Amino acid sequence: MSANDVQAVADLASARRRLEEEIGKVVIGQHGIVEGLLVALMAGGHCLLVGVPGLAKTLLIRTLAQALDLSFGRIQFTPDLMPSDITGTEVLEEDQETGHKAFRFVHGPIFHNVILADEINRTPPKTQAALLEAMQEHAVTAGGKTMRLKEPFFVLATQNPIEQEGTYPLPEAQLDRFLFELRIDYPEAAEEEEIVRTTTAVSPEPVSRVLDGERIAAFQRLVRQVPVADQVIEYAVRLVRATRPGEGASERVREMVNWGAGPRASQNLVLAGKARAALQGRHSVSLDDVRAVALPVLRHRIVVNFHAEAQAVDADQLARRLLEEVPAA
């Protein structure tokens with residue numbers, strides 16, 4: 001890396017610390033989730049957040065958008081939501097003076113930098129696909145025209161793991177579009193006491209802006225320039241291939257997995273590892289970086305079968321076992 005890149009990595013690490021401080025003014029705890037969101041953002045990926053109601057998912061995302069000085073759009077997914085409610089629609093307008101009529105495209109909430117797709121599994125696949133297409137292409141096509149979305153473009157979709165009646169689970173091919181699946185758990189007792197203390201008193205101090213869209217885009221380009229050793233790439237590939245129930249797989253994987261993670265998981269392990277290293281001020285990716293991001297990268301890409309379900313074994317448990325079994329060298 002050049003001298004300028006080395007300084008840029010130091011600037012990114014400093015910005016990470018300031019972001020964590022600003023988010024901490026409003027959101028108590030959840031440090032691992034905040035780190036995961038920042039890694040995904042700098043890697044240019046999207047996140048699926050899974051957690052029960054009341055764990056401040058919306059507040060966290062809105063606060064992150066404020067600290068990044070990015071526009072924020074929230075979409076509440078419901079069974080009657082239509083694709084045009086996300087992307088926008090054409091309306092017919094008439095000029096009062098000339099009587100001339102013309103179509104004008106009214107932008108939907110997808111035309112923001114940070115999108116909260118709240119309870120994405122509450123809406124039918126057709127509407128889910130409208131969002132996921134925008135996630136992949138960073139563009140929307142309507143009326144024969146393709147319109148680019150604002151950059152940086154960051155989608156954070158939420159799911160409630162408790163209520164599954166009347167939902168439309170995301171197909172595996174669509175889940176694969178998400179860089180991470182982050183699981184938000186209940187806060188610790190001390191954190192919950194602090195949450196109650198602060199939220200029932202005066203309003204928290206305002207969140208200061210740390211980064212803007214231009215600097216975020218520059219940091220995203222920087223992350224891709226972080227060098228990674230062949231040994232780290234080989235480990236990432238071995239880890240992903242170990243999830244597939246084919247030749248060479250462990251007996252446990254062959255017995256319990258229908259489909260393992262694809263090549264996109266290997267790419268995401270390395271890219272997220274680069275982002276994590278740069279956010280911590282380091283100039284190369286270590287095996288620990290790959291291991292640290294392995295669970296959120298793999299847990300939504302492993303499809304278990306009925307044998308696993310009968311034994312109450314989920315993809316997360318299988319991924320944890322593979323991290324113990326797959327040798328680092």
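The paragraphs below lead through a predicted model, beginning with its nonpolar cores and moving on to its pockets and a few individual residues.

The largest nonpolar core of this model is made up of 81 residues, and those with the most contacts inside it are Leu37, Met42, Phe180, Leu211, Leu239, Leu269 and Leu298. Helix 2, which covers residues 31-43, gives the most to this core, contributing nine residues. Leu269 can serve as a place from which to look around: when residues up to four places away in sequence are not counted, Leu269 touches Ala236, Leu239 and Val240, and also Val290, Val293, Ala294 and Val297. Apart from this core there is a second, separate one of 26 residues, which includes Leu48, Ile115, Ile120 and Phe153.

From the cores we turn to the pockets. The largest pocket holds about 620 Å³ of space, and its lining consists of 25 residues, of which Gln159, Leu175, Glu181, Arg183 and Arg299 lie nearest the centre. Two or more lining residues come from each of strand 1 (47-50), helix 6 (172-175), strand 9 (180-183), strand 11 (303-304) and helix 14 (315-325). By character, the lining of the largest pocket divides into 11 nonpolar, six polar and eight charged residues.

Glu181, one of the residues nearest the centre of the largest pocket, is found in strand 9. Is Glu181 buried or exposed? Its relative accessibility is 8%, and because buried means under 20%, Glu181 counts as buried. Leaving aside neighbours within four places in sequence, Glu181 is in contact with Leu48, Val50, Pro296, Arg299 and His300; of these partners, Leu48 is also included in the second core, while Arg299 is also among the residues nearest the centre of the largest pocket.

The second largest pocket has a volume of about 500 Å³ and is lined by 24 residues, with Ala43, Gly44, Gly45, Arg224 and Leu271 lying nearest its centre. Helix 2, helix 5 (125-137), helix 8 (213-224) and helix 11 (263-279) each supply at least two residues of this lining, and the largest share, six residues, comes from helix 11. The lining of the second largest pocket divides into 10 nonpolar, eight polar and six charged residues.

A last stop is helix 3, spanning residues 57-67, whose buried residues are Lys57, Leu60, Ile61, Thr63, Leu64, Ala65 and Ala67. Just after helix 3 comes Asp69, which takes a positive phi of about 55°.

Definitions and conventions: Residues are numbered from 1 along each chain as its sequence is written. This is a predicted model: local features need pLDDT of at least 70, side-chain atom pairs count only at pLDDT 80 or more; totals for chains, interfaces and linings use all residues. Side-chain values use heavy atoms; hydrogens and water are left out. A nonpolar core is a set of buried Ala, Val, Leu, Ile, Met, Phe, Trp, Tyr and Cys residues joined through side-chain atoms within 4.5 Å. Buried means under 20% relative accessible area, exposed over 50%, partly exposed in between (1.4 Å probe, protein chains only). Helices (H or I, at least four residues) and strands (E, at least two) are DSSP runs, numbered from the N terminus. Contact means heavy atoms within 4.5 Å. On a 1 Å grid over the protein atoms alone, a cavity is a set of points where a 1.4 Å probe fits but cannot get out, and a pocket is an open set with protein on both sides within 12 Å along at least five of seven lines; lining residues have an atom within 4 Å of a point. Grid points are joined across faces, edges and corners, and a volume is the space filled by probe spheres set on the points. Ala, Val, Leu, Ile, Met, Phe, Trp, Tyr, Cys and Pro count as nonpolar, Asp, Glu, Lys and Arg as charged, and the others, Gly among them, as polar.
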